[in-house]
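Biologist: Pull the model up for me, please, and let's go through it together. I'll ask, you reason it out.

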Amino acid sequence: MKEDIVMSRLFFLLYALIGPSLAGVGVVIVLTMGLDTLRPILTSAAVGFALGVPAAWIVMRQLAGGPGS
């Protein structure tokens, strides 16, 4: 039970770092492509935040030494 709490805290901490980073990278990519309207910027930010979930999960498992490490 305690391990689950630690793992969830680690996941949310990693997601708080990885999600905004990927969103920022997506926004920079869209802006360098010359797409400077609201829709492409918000879409790329949302995709970055969404991709942050599996990325944080993978990093959490690697740090914890879980299955598939």
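Biologist: How far does H2 reach from its first C-alpha to its last?
Modeller: Helices here are DSSP runs of H or I with at least four residues, numbered from the N terminus (strands are E runs of at least two). H2 has 27 residues, and the expected span of a helix is 1.5 Å times one less than its number of residues. That expectation is 39 Å, and H2 comes close to it, reaching 39 Å.

Biologist: Before we go on, what pLDDT do local features need?
Modeller: Residues are numbered from 1 along each chain as its sequence is written, and side-chain values use heavy atoms, leaving out hydrogens and water. This is a predicted model: totals for chains, interfaces and linings use all residues, side-chain atom pairs count only at pLDDT 80 or more, and local features need pLDDT of at least 70.

Biologist: Which proline comes shortly after the kink in H2?
Modeller: A bend at a residue is the angle between axes fitted to the seven residues ending there and the seven starting there. In H2 a kink of about 25° lies at Val53. Shortly after that kink comes Pro54.

Biologist: And where is the kink in H1 centred?
Modeller: H1 has 31 residues and reaches 45 Å, close to the 45 Å expected. Still, H1 has a kink of about 30°, and that kink is centred on Tyr15.

Biologist: Which helix do the buried residues of H2 pack against?
Modeller: Buried means under 20% relative accessible area, with exposed over 50% and partly exposed in between (1.4 Å probe, protein chains only). In H2 the buried residues are Ser44, Ala45, Gly48, Gly52, Ala56 and Met60. By contact (heavy atoms within 4.5 Å), the buried residues of H2 pack against H1.

Biologist: Which element gives the largest share of the largest nonpolar core?
Modeller: A nonpolar core is a set of buried Ala, Val, Leu, Ile, Met, Phe, Trp, Tyr and Cys residues joined through side-chain atoms within 4.5 Å. The largest one has six residues: Met7, Phe11, Leu14, Ile18, Ala56 and Met60. H1 and H2 each give two or more residues to this core, and the largest share, four residues, comes from H1.

Biologist: How many aromatic pairs are there?
Modeller: Rings of Phe, Tyr and Trp (its six-membered ring) pair if their centres lie within 6.5 Å; planes under 30 degrees apart are stacked, over 60 edge-to-face, and the rest tilted. By that rule, the number of aromatic pairs is three.

Biologist: How is the pair of Phe11 and Tyr15 arranged: stacked or edge-to-face?
Modeller: Phe11 and Tyr15 are four residues apart in H1 (residues 2–32), which means about one helical turn separates them. Phe11 is buried at 13% relative accessible area, while Tyr15 is partly exposed at 22%. Their rings sit 6.5 Å centre to centre with 15° between the planes, which makes the pair stacked.

Biologist: How many residues apart in sequence are the parts tied together by Phe11 and Trp57?
Modeller: Phe11 and Trp57 form an edge-to-face pair, 6.0 Å centre to centre and 70° between the planes. Trp57 is partly exposed at 45% relative accessibility. Phe11 lies in H1 and Trp57 in H2 (residues 38–64), so the pair ties together parts whose separation in residues is 46.
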